[in-house]
Amino acid sequence: MKGLTQLEKWEPKIVAFLCNWCSYAGADLAGTSRLQYPPNIRIIRVPCSGRINPLYIITALMEGADGVMVSGCHPGDCHYLSGNLFARRRFVVLKKLLQTCGLDPERVQFTWVSASEGGRFADVIKEVTENVKKVGPSEVANCGSKEAQA
């Protein structure tokens, strides 16, 4: 890797909120199937994508994540009936808020992955990683921390 710039060596840190019933099971299937995908994500399992408070996403970005992915059940397949639809509505509003605040809305991605879609999960991770790489390193990471204020 001789001669690469710091930006070319950079790999994004992505926090992934996955619903327990579909997306997390899809991630598990990808792992047990030994499918290859970038190691950039850190998974947080949640009961339902509808339970994700938008502040969790904003906090992840403020604490150093270059991107955030939220993945839930396909519409009509939610274990909690309509949690994923609530998540989708919140997601639209959050993207507008991020844009208003001067953050690239591409830092936050929303997707549907079912328990039987291990291959799709791997493809989604590749796509999200590439999208966040295009946006570049986060400029807001740790801006609210005491170290940054000193």
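## Buried or exposed?

A residue is called buried when its relative accessible area is under 20%, exposed when that area is over 50%, and partly exposed in between. With that in hand, here is a first example: cysteine 101 has a relative accessibility of 57%, so cysteine 101 counts as exposed. Please keep in mind as you read that this is a predicted model.

How much of the protein chain is buried? Of its 150 residues, 43% are buried residues. As for the surface, the protein chain exposes about 8700 Å², and 54% of that comes from carbon and sulfur atoms.

## The overall plan

Let us walk along the chain. The protein chain holds six helices and four strands. Their order along the sequence is α-β-α-β-α-β-α-β-α-α, and you can trace this pattern in the structure above.

How do we judge the overall shape? A compact globule with 150 residues would have a radius of gyration near 15 Å, and the protein chain agrees with this because its value is 16 Å. Taken along the principal axes, the C-alpha atoms fill a box of roughly 45 × 35 × 25 Å.

Contacts tell us how the chain comes back to itself. Take the contacts between residues at least 6 apart in sequence: 81% of them join residues at least 24 apart. Charges can be looked at across the whole chain too. There are 18 positive and 14 negative charges, and the mean positions of the two groups are 3 Å apart.

## Cysteines without a bridge

How many disulfides are there? The count comes to zero disulfides. Cysteine 19 is a helpful case to look at: the nearest cysteine sulfur belongs to cysteine 73 and is 3.5 Å away. A disulfide needs two cysteine sulfur atoms within 2.5 Å, and cysteine 19 is in no disulfide.

Where do these cysteines sit with respect to the surface? Cysteine 19 has a relative accessible area of 3%, so cysteine 19 is buried. Cysteine 101, our opening example, is exposed at 57%.

## Two neighbours in helix H4

Helix H4 covers residues 83–100, and alanine 87 is found there. Glycine 83 also has its place in helix H4. Are these residues buried or exposed? Alanine 87 is buried because its relative accessible area is 6%, and glycine 83 counts as buried with 8%.

What do they touch? Setting aside residues up to four places away in sequence, alanine 87 touches Ser49, Gly50 and Phe110. With the same kind of neighbours left out, glycine 83 touches Cys48, Ser49, Gly50 and Cys78. Ser49 and Gly50 appear in both lists.

Distances along the chain and through space are worth setting side by side. Alanine 87 and isoleucine 58 are 29 residues apart along the chain, and their C-alpha atoms are separated by 15 Å. Glycine 83 and glutamate 8 are 75 residues apart in sequence, with 39 Å between their C-alpha atoms.

## Along helix H5

Helix H5 spans residues 118–135, and asparagine 131 has its place there. Valine 135 is found in helix H5 as well. Asparagine 131 has 18% relative accessibility, so asparagine 131 counts as buried. Valine 135, at 24%, counts as partly exposed.

Which residues do they meet? Leaving out residues up to four places away in sequence, asparagine 131 touches Glu106 and Gln109. Valine 135, with neighbours within four places left aside, is in contact with Asp104, Glu106 and Arg107. Glu106 is found in both lists. Valine 135 also offers a distance to check in the structure: valine 135 and glycine 67 are 68 residues apart in sequence, while their C-alpha atoms are 9.2 Å apart in space.

## Two loop residues with positive phi

Most residues other than glycine have a negative phi. Which way does arginine 34 go, positive or negative? Arginine 34 has a positive phi, near 60°. Arginine 34 lies in the loop between helix H2 (23–32) and strand S2 (41–46), and at 71% relative accessibility arginine 34 counts as exposed.

Leucine 81 is not a glycine, yet leucine 81 has a positive phi of about 75°. Leucine 81 is found in the loop between strand S3 (67–72) and H4. Its relative accessibility is 72%, so leucine 81 counts as exposed.

Methods: Residues numbered from 1 in each chain as written. Predicted model: local features only at pLDDT ≥ 70, side-chain atom pairs only at ≥ 80, totals over all residues. Heavy atoms only, no water. Buried < 20%, exposed > 50% of the residue type's maximum accessible area, 1.4 Å probe, protein only. Helix = DSSP H or I, 4+ residues; strand = E, 2+ residues; numbered from the N terminus. Rg over C-alpha atoms; globule rule 2.2 N^0.38 Å. Contact = heavy atoms within 4.5 Å. Areas by Shrake-Rupley, 256 points an atom, 1.4 Å probe, with all protein chains shown as cover. Lys, Arg positive; Asp, Glu negative; His and termini not counted. Charge placed at Lys NZ, Arg CZ, Asp CG, Glu CD.
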